[in-house]
Amino acid sequence: MMKKVVRYCLLFSLLFFILTFIFNPIAPDENDIKAQRTTLSANDMKLMANAVYGESRGEPYVGQVAVAAVILNRVKSSSFPDTVSGVIFEPGAFTAVADGQIYLTPNKQAEKAVKDALSGWDPTDGCEYYFNPQTATSKWIWSRPQVKKIGKHIFCR
């Protein structure tokens, strides 16, 4: 008799736990909500294509997708602004903004790289920084953990 009571209590407890979790899920945190964003306005996509073109034209295609992925990774991170324009125009963040290359007309490859990054392709595995070691002027960037090199850029956490 006692074994039956214990079994029923365990079964009831398990059922209660499962139903509580299903009908009262834990609220996602801000990063989870930001991570679910997969669509951008046409304006944001154009701005990203401009940034990708200004920052990485001449790099292999995978490197252009990687630059787009870094922008998206920053948008998703609570350490950066939560909009594409906020990330791209953050002071000192991108050389293409500082030297005006952001205003060059992007090619179709830069536009495709943005679309591929939006579709989930992230050759950087989540990196939020990159730099060209031949042209970087910031000593700080060298302190970031380096993950991989794609073309001339080193991608970092």
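1. A word to start with: a residue is called buried when its relative accessible area is under 20%, exposed when that area is over 50%, and partly exposed in between (1.4 Å probe, protein chains only). D125 is a handy case to try, since at 48% relative accessibility D125 counts as partly exposed.

2. Please keep in mind that this is a predicted model, in which local features need pLDDT of at least 70 and side-chain atom pairs count only at pLDDT 80 or more, while totals for chains, interfaces and linings use all residues. Residues are numbered from 1 along each chain as its sequence is written, and side-chain values use heavy atoms, with hydrogens and water left out.

3. Now the overall layout. The protein has seven helices and three strands, where helices (H or I, at least four residues) and strands (E, at least two) are DSSP runs numbered from the N terminus. Along the sequence they come in the pattern α-α-α-α-α-α-α-β-β-β. Of the 157 residues, 34% count as buried. The protein exposes about 9,900 Å², and carbon and sulfur atoms supply 60% of that area; accessible areas come from the Shrake-Rupley method with a 1.4 Å probe, and for residues only the protein chains shown count as cover.

4. Next, contacts, meaning heavy atoms within 4.5 Å. Take the contacts between residues at least 6 apart in sequence: 65% of them join residues at least 24 apart. A51, in helix α3, makes a good example. Leaving aside neighbours within four places in sequence, A51 is in contact with I71, I88 and I102. A51 is buried, with a relative accessible area of 2%. The C-alpha atoms of A51 and F89 are 9.9 Å apart, although 38 residues separate the two along the chain.

5. Have a look at α7 (108–118) and what follows. The buried residues of α7 are A110, A113, V114, D116, A117 and L118. Their cover includes α3 and α4 (61–76). Just after α7, G120 takes a positive phi of about 110°. D125 sits in the loop between α7 and β1, and has a positive phi of about 60° although D125 is not a glycine.

6. Which residues lie closest to the centre of the largest pocket? They are E55, A93, F94, T95 and Y130, out of 31 that line the pocket. The volume of this pocket is about 760 Å³. α3 (42–56), α6 (95–98) and β1 (129–131) each supply at least two lining residues, and α6 gives the most, with four. The lining divides into 15 nonpolar, ten polar and six charged residues. Here Ala, Val, Leu, Ile, Met, Phe, Trp, Tyr, Cys and Pro count as nonpolar, Asp, Glu, Lys and Arg as charged, and the others, Gly among them, as polar. On a 1 Å grid over the protein atoms alone, a pocket is an open set of points where a 1.4 Å probe fits, with protein on both sides within 12 Å along at least five of seven lines; lining residues have an atom within 4 Å of a point. Grid points are joined across faces, edges and corners, and the volume is the space filled by probe spheres set on the points.

7. Finally, how many disulfides does the structure hold? Zero, with a disulfide being a pair of cysteine sulfur atoms within 2.5 Å. C127 is in no disulfide, and the nearest cysteine sulfur, that of C156, is 6.6 Å away. Why is there no bond for C156? Because the closest cysteine sulfur, in C127, is too far away at 6.6 Å. C127 is buried at 0% relative accessible area, and C156 also counts as buried, at 0% relative accessibility.
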